[in-house]
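Work through the exercises below with the coordinates loaded in a viewer. Each task is followed by a solution in steps.

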Amino acid sequence: MGTKPEASDSDETAHTRGNDIEKAEGEKADGKAPPEFDWNTDPANPYNWPKWKKNLQLAATAIIAFSGSLGTSIISPSHQQLIDEFQLSSTVAFLSLTTYILALGLGPVLGGPLSETAGRKAVYVSAAVFGGLFSLGAGLTHSFAGLCILRFLAAFAYGPSLSIGSGFLAETYTPAERGVPSLLYILSPFLGPGLAPVLGVFLTTRAGWRWTQYTMVFFSVFSLAWALVGSESYHPVIQRRRMKQLGIQPPPSPPLMDTLRQFLTIGLLRPLHMLVTEPIVSFLCIYVAFIFGVLFNFFGSFFYIFQSVYGFTLVQSGLVFLAIAVGCIFGALVIGLSDKLYYQRHVRRFPPHQVPPEYRLLPAMIGSVALPVGIFIFAWTTRPSISPAVPIFAIVIFALGNINLFVSALQYTGDVYHRSNVASATSANSLARYGLAAVFPLFSLPLYKNLGVAWASSLLGFISVALLPLPWLLFKYGKTIRSKSKYETASY
């Protein structure tokens with residue numbers, strides 16, 4: 001389908017570093033001529049892996065990302081239990097949710113450099129091990145502060161697995177192969193928050209809130225098993241190992257501090273600079289952060305809305321979240337069809353690798369319309385006189401628009417910026433969306449209690465209408481805006 005992953009500069013990074021390593025081919029090892037080493041045809045090169053091995057690693061990567069994202073909202077059905085056990089206010093009780101979301105955005109800042117020194121597999125294994133241990137501690141703790149801190153640490157451990165997976169796609173699948181795997185990988189962390197409240201509500205009602213955290217331990221163990229079965233995919237790490245096997249002396253690795261400094265620049269400092277100086281990054285970050293905020297606003301308010309309006313039980317309210325998962329699946333189908341019927345048709349008109357990025361924006365334009373439609377239908381049909389099926393269907397429409405906007409924004413960013421600027425632009429997006437998403441649940445209940453379902457949701461709908469023109473304006477004026485960027489961008 002041609003979906004472009006988040007960190008699409010990994011192709012170039014791996015190729016560049018690979019060339020540096022292959023310069024050592026002609027060097028002597030122990031005074032003997034080294035065997036010939038051609039990385040492009042070497043069976044250890046992930047591009048040359050058999051299909052089953054690529055797909056096995058894809059499954060491992062998707063499962064780990066799903067497990068990490070599952071932790072965001074699995075505790076949301078336990079809101080009242082946390083209030084009762086720890087004697088909290090409603091707003092404070094949401095901190096167990098928001099601290100986890102915030103840490104998911106911060107984890108990749110450290111996980112990025114680690115994955116390019118120790119390798120992707122080491123980060124996956126560490127994520128599963130430490131994410132599971134901290135989740136176990138969160139289930140055992142008897143203080144609310146301890147619960148929030150341990151959930152923050154669990155999410156910080158899992159955070160890198162949600163970002164470096166896109167690097168795995170770029171270094172394992174060729175662009176022609178990457179469409180379906182990319183879509184499946186991107187879908188997994190969207191399904192996690194949608195399915196987690198469904199799981200969490202049964203755990204909370206039958207076993208108590210602590211079992212939401214113990215269940216995360218089980219998912220961590222399952223993820224660890226897949227991570228151990230999987231293979232390393234980061235090219236420079238594999239190349240160094242292969243060269244040692246063949247008796248070739250690899251070039252010295254860069255100092256760890258230099259690597260950390262580089263990734264702090266790419267993952268934190270430059271993203272903040274791009275966030276305030278690059279219109280494309282700024283606009284897309286605002287839009288994506290808002291739609292993520294609305295999504296997590298629903299995690300804080302759905303139980304109240306459907307219990308107060310329709311008299312749903314806690315379990316029935318939890319099942320409403322399935323609408324988000326269904327919407328994401330339909331959204332993924334829309335993205336795939338847009339790519340096949342629209343983007344690929346235009347690709348043939350241009351030289352290779354010179355397709356204008358604006359052709360990536362069709363799903364975002366569809367999503368920009370679906371979002372307010374879904375929100376306003378939800379706002380004005382959530383009332384006792386109308387079947388709950390109608391607002392639930394509106395949630396499906398909202399989720400479809402959400403994933404369309406998110407994926408299209410990342411595809412467009414990946415095509416606009418070059419080299420490490422892609423990673424910085426997507427890091428800015430990650431920091432913005434998780435930062436804002438962590439705040440929304442804190443005021444979701446007061447918003448709905450004070451304004452009512454219709455006007456509270458309409459307020460969000462009006463903001464989505466104000467943001468609606470952004471992808472359309474980028475489609476029309478994107479090339480002009482790109483030409484004025486201070487960073488290297490696509491000129492075609």
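The exercises go from the whole chain to single residues, and the model is a predicted one.

**Exercise 1. Overall fold**

Task: State how many helices and strands the chain has, and compare its radius of gyration with the globule rule.

Solution:
- Step 1. The assignment gives 19 helices and zero strands.
- Step 2. The radius of gyration is 23 Å, close to the 23 Å from the globule rule for 492 residues, so the chain is as compact as a globular protein of that length.
- Step 3. The C-alpha trace spans about 80 × 55 × 40 Å along its principal axes.

**Exercise 2. Contacts, burial and surface**

Task: Find what share of the contacts with a separation of 6 or more comes from residues 24 or more positions apart, then describe burial and the exposed area.

Solution:
- Step 1. Pairs 24 or more positions apart supply 83% of the contacts in that set.
- Step 2. Buried residues make up 59% of the 492 in the chain.
- Step 3. The exposed area is about 19500 Å², with 68% of it from carbon and sulfur atoms.
- Step 4. For the charges, the mean positions of the 34 positive and 24 negative ones lie 7 Å apart.

**Exercise 3. A covered helix**

Task: Determine how many residues of helix α8 (residues 164-172) are buried.

Solution:
- Step 1. The cut-off for buried is under 20% relative accessible area.
- Step 2. I164, G165, S166, G167, F168, L169, A170, E171 and T172 meet this cut-off.
- Step 3. The count is therefore nine of nine, and α8 is mostly covered.

**Exercise 4. Serine 368**

Task: Decide whether S368 is buried or exposed, and identify the polar partners of its side chain.

Solution:
- Step 1. S368 belongs to helix α16, which covers residues 362-381.
- Step 2. Its relative accessible area is 0%, so S368 is buried.
- Step 3. Within α16, a polar atom of the S368 side chain lies 2.7 Å from the backbone oxygen of M365.
- Step 4. A second polar contact, at 3.0 Å, joins the side chains of S368 and W472.
- Step 5. Leaving out residues up to four places away in sequence, S368 touches Y287, L405, L468, P471 and W472.

**Exercise 5. Serine 188**

Task: Place S188 in its helix, classify its burial and list what it touches beyond four places in sequence.

Solution:
- Step 1. S188 sits in helix α9, residues 179-207.
- Step 2. With a relative accessible area of 7%, S188 is buried.
- Step 3. The residues it touches are A62, A65, F66 and S69, with those up to four places away in sequence not counted.

Methods:
Residues numbered from 1 in each chain as written. Predicted model: local features only at pLDDT ≥ 70, side-chain atom pairs only at ≥ 80, totals over all residues. Heavy atoms only, no water. Helix = DSSP H or I, 4+ residues; strand = E, 2+ residues; numbered from the N terminus. Rg over C-alpha atoms; globule rule 2.2 N^0.38 Å. Buried < 20%, exposed > 50% of the residue type's maximum accessible area, 1.4 Å probe, protein only. Contact = heavy atoms within 4.5 Å. Areas by Shrake-Rupley, 256 points an atom, 1.4 Å probe, with all protein chains shown as cover. Lys, Arg positive; Asp, Glu negative; His and termini not counted. Charge placed at Lys NZ, Arg CZ, Asp CG, Glu CD. Polar contact = N/O pair within 3.5 Å; in protein donor to acceptor, adjacent residues only side chain to side chain.
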